[in-house]
Amino acid sequence: MTYKANKERYEHMRYSRSGKSGLKLPQVSLGLWHNFGTSADYDNMKKMCFTAFDQGITHFDLANNYGPQPGSAESNFGRIMQQEMGAYRDELIISTKAGYTMWDGPYGDWGSRKYLLASLDQSLKRLQLDYVDIFYHHRMDPDTPLEESMMALDTAVKSGKALYAGISNYDGEHTRQAMKILKELKCPFVINQSRYSIFDRHIESNGLKEVAVENGCGIIAFSPLAQGLLSDKYLHGIPADSRIKTSGQFLQADQLTAEKLAQIAALNEIAGERGQTLAQMALSWVLKDDVVTSVLIGASKPEQIIENCKIVDYTTFSPAEIKAIDEISK
């Protein structure tokens, strides 16, 4: 039976303009970094995508290497689009990236024109799409001229294989330089995707937030829950199904110190006073000052998506709340 979207899907989600562009993104976007690979349940993937769109989430974020195995998240999402959601393509923002290791040899990594454009062609085949809405360079490359990487993004857009260019994990100064190059090329650049959370504020110290405000660059934040630390998952120790236990790739047990556990508990108290879960407050906090366009959530089940979407009406913090959160987390 073909999926039919909820007719009321746009009634509750809020949408923000990405920088000074004409593109609006939902304040909550769905990231397919985890739980869409070869080891995940396909029916659950479908349910999460349907639930997200039914909640007004129009943006689905991928990368060439998302899996495991690399490429499998794109393949699975492409299958969902082809079989279930294709009728809604023009209502969706689908993004992908290239910049991390994807295949063997000197042309399967970093930021060369050869790698970026070849990777985009591969991504489109896996996604079974003619174009993506945003194509990102996934990380800064210290050895490839910035002009080369940006000109590759420009080619991707002007060839019709992407509608907008984006960058990810770029600091403030390199974002400024990238935007200047793309402006000269008349390439529509819309966004920088970067890690940002109550526990990880490096985009404040590396200049990205300041550059975004000054130059009209959108920001979309990933890992807003600090790999699950900013949720109720670790309020009572380390559960057996947590990423620390099951993967350990991005979050290790030694990061969960007594001090960190005390911080999590204190933040949870503030969240409770706001009538939110800790995860909901952490997502709301990322959006509090209107500099961040959208926050990327990951999910393992549809119910999490529904709970996370409730934040859009609660992104305002009092000065006292902001001060208390700062004192706890910094």
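# A tour of rings, cores and cysteines

Asn192 is a buried residue, at 0% relative accessibility. Select this residue to begin; the model on screen is a predicted one. Asn192 belongs to strand β8, which covers residues 189-195. Now show the side chain of Asn192: one of its polar atoms is 3.1 Å from the backbone oxygen of Tyr170. Which residues does Asn192 touch, leaving aside those up to four places away in sequence? One group to display is Ile167, Ser168, Asn169, Tyr170 and Thr175; the others are Leu208, Cys217, Gly218, Ile219 and Ile220.

**Aromatic pairs**

Next, display the rings of Phe, Tyr and Trp. Ring centres within 6.5 Å make a pair, and by that rule the count is ten aromatic pairs. Select Tyr10 and Phe53: their ring centres are 6.5 Å apart and the planes stand at 85 degrees, so this pair is edge-to-face. Tyr10 and Phe53 are 43 residues apart and link distant parts of the chain. Tyr10 lies in the segment before β1 (15-17), while Phe53 lies in helix α1, residues 42-54. Colour the two by accessibility: Tyr10 is partly exposed, with a relative accessible area of 37%, whereas Phe53 is buried at 0%.

Move on to Trp103 and Tyr115. What is the geometry of the rings of Trp103 and Tyr115? The centres lie 5.3 Å apart and the planes make 65 degrees, so this pair is also edge-to-face. Trp103 sits in the loop between β5 (93-98) and α3 (113-127), and Tyr115 is in helix α3 itself, twelve residues apart from Trp103. Trp103 is partly exposed, at 24% relative accessibility; Tyr115 is buried, with a relative accessible area of 0%.

Return to Tyr10 and Phe53 and add Tyr3, Tyr15, Phe50 and Tyr88 to the selection: ring pairs link these residues into a cluster.

**Charges over rings**

Select Arg79 together with Tyr42. The charged end of Arg79 sits over the Tyr42 ring, 3.7 Å from the ring centre. Then select Lys260 and Phe199, where the charged end of Lys260 sits over the ring of Phe199 at 3.9 Å from its centre.

**Nonpolar cores**

Which residues touch the most other members of the largest nonpolar core? Phe60 and Met85 do, in a core of 91 residues. Select Phe60 and show its contacts, omitting residues up to four places away in sequence: Leu30, Leu32, Cys49, Ala52, Phe53, Phe77, Met85, Leu92, Ile93, Ile94 and Ser95. Phe53, seen earlier in the pair with Tyr10, is thus in view again, as one of the residues that Phe60 touches. A second core, separate from the largest, has eleven residues; select Leu23, Leu25, Val190 and Leu296, which are among them.

**Cysteines**

Finally, show the cysteine sulfurs. How many disulfides does a search of the whole structure find? The search finds zero. Select Cys187: the nearest cysteine sulfur is 13 Å away, in Cys217, and Cys187 is in no disulfide. Cys217 has appeared before, in the list of residues that Asn192 touches. Cys187 is buried, at 6% relative accessibility. Cys309 is the last stop. Cys309 is in no disulfide either, and its nearest cysteine sulfur, that of Cys49, is 13 Å away. Cys309 is buried, with a relative accessible area of 7%. Cys49 is among the residues that Phe60 touches.

Key: Residues are numbered from 1 along each chain as its sequence is written. This is a predicted model: local features need pLDDT of at least 70, side-chain atom pairs count only at pLDDT 80 or more; totals for chains, interfaces and linings use all residues. Side-chain values use heavy atoms; hydrogens and water are left out. Rings of Phe, Tyr and Trp (its six-membered ring) pair if their centres lie within 6.5 Å; planes under 30 degrees apart count as stacked, over 60 as edge-to-face and the rest as tilted. Helices (H or I, at least four residues) and strands (E, at least two) are DSSP runs, numbered from the N terminus. Buried means under 20% relative accessible area, exposed over 50%, partly exposed in between (1.4 Å probe, protein chains only). A charge sits over a ring if NZ of Lys or CZ of Arg is within 6 Å of the ring centre and within 35 degrees of the ring normal. A nonpolar core is a set of buried Ala, Val, Leu, Ile, Met, Phe, Trp, Tyr and Cys residues joined through side-chain atoms within 4.5 Å. Contact means heavy atoms within 4.5 Å. A polar contact is a pair of N or O atoms within 3.5 Å; within protein, one must be able to donate a hydrogen and the other to accept it, and residues adjacent in sequence count only if both atoms are side-chain atoms. A disulfide is a pair of cysteine sulfur atoms within 2.5 Å.
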